[in-house]
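Biologist: Could we go through this model together? I should like to take it piece by piece.

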Amino acid sequence: MLLSSFLLSAAIDVYKFDDPEKEKRFHQLAFELRCPKCQNQNIADSNAEIAQDLRTKIYQMLNADKNDNEIVDYMVERYGDFVLYEPRVKPQTYLLWYGPGLFLLLGLVVVVLIIRSRKKAYNDTHNHEPSLSNSEAKALDALLKTKQGKKQ
Amino acid sequence: MPRVLLFIPLLLFIILAGFLWKGLSIDPRELPSALIDKPFPEFSLASLQQPDRILTKQDFLGQPVIVNVWATWCPSCRQEHEQLLVIDQTGEIPIIGLNYKDERDLALQWLQQLGNPYQFNIFDEQGMLGLDLGVYGAPETYLLDAQGIVRHRYVGVLTAQDWQELKLMIKGWDSVKN
Amino acid sequence: MIPEIGEFALIIAFFLSVVLALVPMYGASTANDMWMSYAKPLAMGQFLFVIISFVCLGYAFSQDDFSVVYVAQHSNSQMPIQFKLSAIWGGHEGSLLLWALILTGWTFAVSRFSKALPLDMLARVLSVMGIVATGFISFLLITSSPFARYLPRFPADGADLNPLLQDFGLIVHPPMLYMGYVGFSVAFAFAIAALLSGRMDAAWARWARPWTNIAWAFLGMGITLGSWWAYYELGWGGWWFWDPVENASLMPWLVGTALVHSLAATEKRGVFKSWTLLLAIFAFSLSLLGTFLVRSGVLTSVHAFASDPERGFFILMLLAVTMGGSLTLYALKAPNVKSESSFSWLSREVLLLVNNVFLTVMAITVLLGTLYPLLIDALGQGKISVGPPYFNAVFVPIMCTMALAMGVSIAVRWRETTLQSVLNKLWKPAVLSILIGLGFPFIYGNGFDARVFLGISVGLWIISTVGTEFIGKFRNTQSITNRLRQLPLSYYGMMVAHVGVAVTAIGITLVTSYSEERDMSMHKGDTVEIAGYQFTFQGTHVVKGANYMADQATIEVVEDGQPVATLRPEKRRYNVKNAMMTEADIDASLFRDLYVALGEPLEQGAWAVRMHYKPYVRWLWLGGILMALGGLLTVADKRYRQSSPNQEATHA
């Protein structure tokens, strides 16, 4: 994880909000929108010229009482889906959004299947099974013995 | 467990490797314009050379044009300028300048020194037209058809090769019309 | 001359690795003892020559030999010596040489500390590692030699290392991370050897487990260090960005975590053998995939290497050979590996399976999110971005559910446990953690907050179940000290690592919910209050560093009239690259950080200043350290020392 070649200074500029709720939304929006020019930074962290412009635009739109959706739509109209760090749910992103849940479900079904087959084996063998199979236990013992023998 | 299932990891990996291989020939930083096949945004801005004249979209509708986003603070624009002059001299397509977040004096000086390939220049001091257009740096070059629809965008220095591509695109429209 | 020796040593190492890849492997398949016995000296020779090569590059850096392209591009005569030396791995070529050094080092360690291994197993393991080394050293020699020269004319001075890298973080983070990445090659080699020989028994798991744990601990430490480094160095106070490069290290760690658990079950109970093998293959494959993602340029990252599709192609080929080969082998040979034990519904085996499902799904989620923009683009569907909001939305719920299972797993025995005994053990921790979780946001914050409730409850749930279980161990014993000594170290390791998860979870919850941040334009004498602390800007003055000039601000912090700290953030300009860089200053403590970064100078002597109050941010890394420590404690257990003296392996 080496860091090289990108803007070196943290982006800091100063906006005054009369309403703390708007300031919160400002930070949230700047966090969720990607700077189109940068390597991989949101527009809050980037110091690129375009990121500054977009921050100013968000600031202006917030002060003009636009809601979050209007602001996000404004950005997408101009820069495309690329600026959204949270991709919209649509057929192309179904796998992205529903995949993890699906895999989890699938995994748990497999676990249930495994348990059922193992439980059967468990009932068959009652409770007398050593934790390692006999052959394995012997092999392990033999191995450890030779090792200790060598040490002495 | 059927043995076939054991091949699933291998299969998934092959699919993944296919995508990765494809990925090597894609530039993740090349961003297509969101305005492709959409009308050029409406605007009303002063001309660079004639500050009293207000330019709008109507000033270039009716024929295919190139809109070139440039600024004096942009070193690659200087590099690109030569190519723009070449295109202008062929007379095949008019070039409209979009002087982006610049200072008027410096821009005029630049045109005087390096030559002026532009029919006229839109002076976008605040960068608001640039924002509407989805510009994220200069230089950028847009190809518009006669209806003012954005057909293509180049980001970065326009090369001789890009110009050849552009010409082909314009020819393509003509042949459709005929 | 010296750089040529380095190159030459690398070429020799390459030939040794080729021989190592072929001869002992062939010996093992033909039961030829002599050929198998070549493995150890070859492993040693390979390591030795890569060391020579590495030392030569270090020498070129220390002597400012700018005729070497790599040195000229990554160093400068003004740089302090510790950064000159860590600049060895400050770029692509050198970091790859570090990778080769660590790989051959692990190989040597395996040959040295696995005396108990049967000869054929050892020969196969070392040969597989030789194959990997062959791939990487040829990669170095063909596309990425760090010893190439500027001839006949070379620059008078170097282009300087990226200022962000001129930091303590560069000294420790990459070596630690690579120890982890490359360490998984050992588990991988063990898995391949098991598939080839068809022998995968409890002894196998006992050999493979310590190596895996050590690699996993290193990777965890590497990630932790990386997060801490990004936090203080990038200047905007974030500690995890879900950036492709970070995800590249998280994926093998998640799969490695699954592997560590699955190996435990395989060793103790002889179950999940086939699955354990698959995880071992995936853990290392994901390390390779990470290398591909970071160096090929297929994804954009804030932590980008200078990327190059040609190198990307080479790594992709390496990936195709190792992963394609091993997965084919797996598909053909895995049916020979049978698990013998059985267990019931409520048993530790089942909980470990559930844990593995969760960890695997988490790794898949990270993989999906990281690669999705590439998939969409490759299918011609345009450009999209997948960033922190996605990962937070999908990852966090899975993580919380898994944490619940973690608490249960502590209370469950191998093979079978009655529901009654589990409920008896768990109801008190459950009630306790829910009550405290409910109360906490009212006491610490300004009212109920679902996120805080969830995070705190989950963290306390883990801690209290571990605590209950631990206390339970002393119920029927007279001598507490004796009992403490009787408990195996691996048991302590498990507890420490689990508490680490809880500590990290609590840290993440509190720092994301209760951080405060202000961006202010400040004149000399201005005061801002954040979370009860008054920050007073006392102006700036110029300071001169070894290879930079800086404006240094002085900011006094006062709480309730008592001075707390004097912070001195800097805005540096590095001489050679003329690069600006923000150096934040932090007053750190266990329960909160005060973090100040300097922005741009504004008009009339004012400065833009960003100030953060970050409660419990240290806990996140503390948890990471505990997890790694847990992994190492487990390895120190007596039963592993009998078969392989592992602590010494860390010298690799």
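Biologist: What follows α3(A), and what is the sign of its phi?
Modeller: The residue after α3(A) is A:G80, with a positive phi near 85 degrees. Helices here are DSSP runs of H or I with at least four residues, strands are runs of E with at least two, and both are numbered from the N terminus. This is a predicted model, in which local features need pLDDT of at least 70, side-chain atom pairs count only at pLDDT 80 or more, and totals for chains, interfaces and linings use all residues. Residues are numbered from 1 along each chain as its sequence is written, while chains are lettered from A and ligands numbered from 1 in the order in which they are written.

Biologist: Which residues of α3(A) are buried?
Modeller: A:I71, A:M75, A:R78 and A:Y79 are buried in α3(A); buried means 20 or more other C-beta atoms within 10 Å of the residue's own, exposed means 12 or fewer, partly exposed lies in between, and C-beta atoms are placed from the backbone. Seen down the axis of α3(A), these buried residues fall within an arc of 80 degrees, so they line one face of the helix; the arc is that of the directions from the helix axis to the C-beta atoms.

Biologist: And which are exposed on the other side?
Modeller: There, A:N69, A:E70 and A:D73 are exposed.

Biologist: What do the buried residues of α3(A) pack against?
Modeller: They pack against α1 (20–32) and α2 (49–63) of chain A, together with α4 (128–133) of chain B.

Biologist: Changing topic, how many residues does the largest nonpolar core have?
Modeller: That core has 223 residues, and C:A100, C:A187 and C:F190 have the most contacts inside it. A nonpolar core is a set of buried Ala, Val, Leu, Ile, Met, Phe, Trp, Tyr and Cys residues joined through C-beta atoms within 7 Å. Helix α9 (residues 202–233) of chain C supplies the largest share of this core, 20 residues.

Biologist: What is C:F190 in contact with?
Modeller: Leaving aside neighbours within four places in sequence, C:F190 is in contact with C:V125, C:W207, C:A208 and C:A280, contact meaning C-beta atoms, placed from the backbone, within 7 Å.

Biologist: Lastly, how many residues do chain C and chain B each give to their contact?
Modeller: Chain C gives 26 residues and chain B gives 18 residues. On the chain C side, α12(C) gives the most, with twelve residues.

Key:
Two residues are in contact if their C-beta atoms, placed from the backbone, lie within 7 Å.
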